[in-house]
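The exercises below are meant to be worked with the sequence and the coordinates side by side. Try each task before reading its solution.

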Amino acid sequence: MTKSYISWEACFDDAYDDEGEIIGKDEYVLIEKIFVAPADRRQGKARAMLREALAQIAAQYPGMDVKVAALPFG
């Protein structure tokens with residue numbers, strides 16, 4: 001049985017100027033995957049997982065930007 005899940009990670013990338021020089025850090029949390037098992041779909045499961053992930057992110061990384069990689073799977 002396939003389980004529903006969400007995955008995210010904190011990213012700390014170098015930020016560059018127009019000349020390619022490092023000018024600081026680009027810090028954000030990237031939500032990469034949200035998968036809802038077929039049996040759990042159309043029940044608000046993804047919404048609930050996203051809310052829980054955002055609450056965890058806010059607690060661990062207050063004020064950090066959140067980006068979502070929204071690409072279809074399959």
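**Exercise 1: Strand partners**

Leu-30 in strand S2 has Lys-67 as its bridge partner in S3. The model is a predicted one, in which local features need pLDDT of at least 70 and side-chain atom pairs count only at pLDDT 80 or more, while totals for chains, interfaces and linings use all residues. Residues are numbered from 1 along each chain as its sequence is written, and side-chain values use heavy atoms, with hydrogens and water left out.

Task: work out the order of the strands in the sheet, and the sense in which they pair.

Solution. Begin with the terms: strands (E, at least two residues) and helices (H or I, at least four) are DSSP runs numbered from the N terminus, and two strands pair if DSSP finds at least two bridges between them.
- Step one: S1 and S2, the latter covering residues 22-35, are antiparallel and share twelve bridges.
- Step two: S2 and S3 run parallel and are joined by four bridges.
- Step three: the result is an open sheet of three strands with mixed pairing, in the order S1-S2-S3. Its edge strands are S1 (5-16) and S3 (65-68), each of which pairs on one side only. From one strand to the next the twist averages 35°, where axes are lines fitted to C-alpha atoms (for helices over the stretch in contact) and angles run from 0 to 180 degrees between N-to-C directions.

**Exercise 2: The hairpin**

Task: find which residue takes a positive phi in the hairpin of S1 and S2.

Solution.
- Step one: the hairpin has five residues between its strands, and Gly-20 there takes a positive phi near 90°.
- Step two: compare this glycine with Tyr-5, which is placed in strand S1. Tyr-5 and Gly-20 are 15 residues apart in sequence, yet their C-alpha atoms are 37 Å apart in space.
- Step three: Tyr-5 counts as partly exposed because its relative accessibility is 40%, given that buried means under 20% relative accessible area, exposed over 50%, and partly exposed in between (1.4 Å probe, protein chains only).

**Exercise 3: Charged pairs**

Task: locate the salt bridges and state which strands they join.

Solution. Side chains of opposite charge can pair when their charged atoms come close. A salt bridge is here a side-chain nitrogen of Lys or Arg within 4 Å of a carboxyl oxygen of Asp or Glu, and the structure holds two of them.
- Step one: Lys-25 and Asp-14 meet through their side chains at 2.9 Å, N to O. Lys-25 lies in strand S2 and Asp-14 in strand S1, so this pair ties together parts that are eleven residues apart in sequence. The two residues also stand opposite each other, Asp-14 facing Lys-25 in S2. Asp-14 is partly exposed, at a relative accessible area of 32%.
- Step two: the side chains of Lys-67 and Asp-26 form a salt bridge at 3.8 Å, N to O. Here distant parts of the chain are linked, since Lys-67 is in strand S3 and Asp-26 in strand S2, 41 residues apart.
- Step three: Lys-67 is partly exposed at 36% relative accessibility, as is Asp-26 at 31%. Asp-26 in S2 is, in addition, the bridge partner of Asp-13.

**Exercise 4: Aromatic rings**

Task: describe the geometry of the aromatic pair of Trp-8 and Tyr-61.

Solution. Rings of Phe, Tyr and Trp (its six-membered ring) pair if their centres lie within 6.5 Å, and planes under 30 degrees apart count as stacked, over 60 as edge-to-face and the rest as tilted.
- Step one: by this rule there are two aromatic pairs. Trp-8 and Tyr-61 form one that is edge-to-face, with 6.4 Å centre to centre and 90° between the planes.
- Step two: Trp-8 lies in strand S1 and Tyr-61 in the loop between helix H1 (45-60) and S3, so the pair ties together parts that are 53 residues apart in sequence.
- Step three: Trp-8 is partly exposed, with a relative accessible area of 22%, and Tyr-61 likewise counts as partly exposed at 24%.
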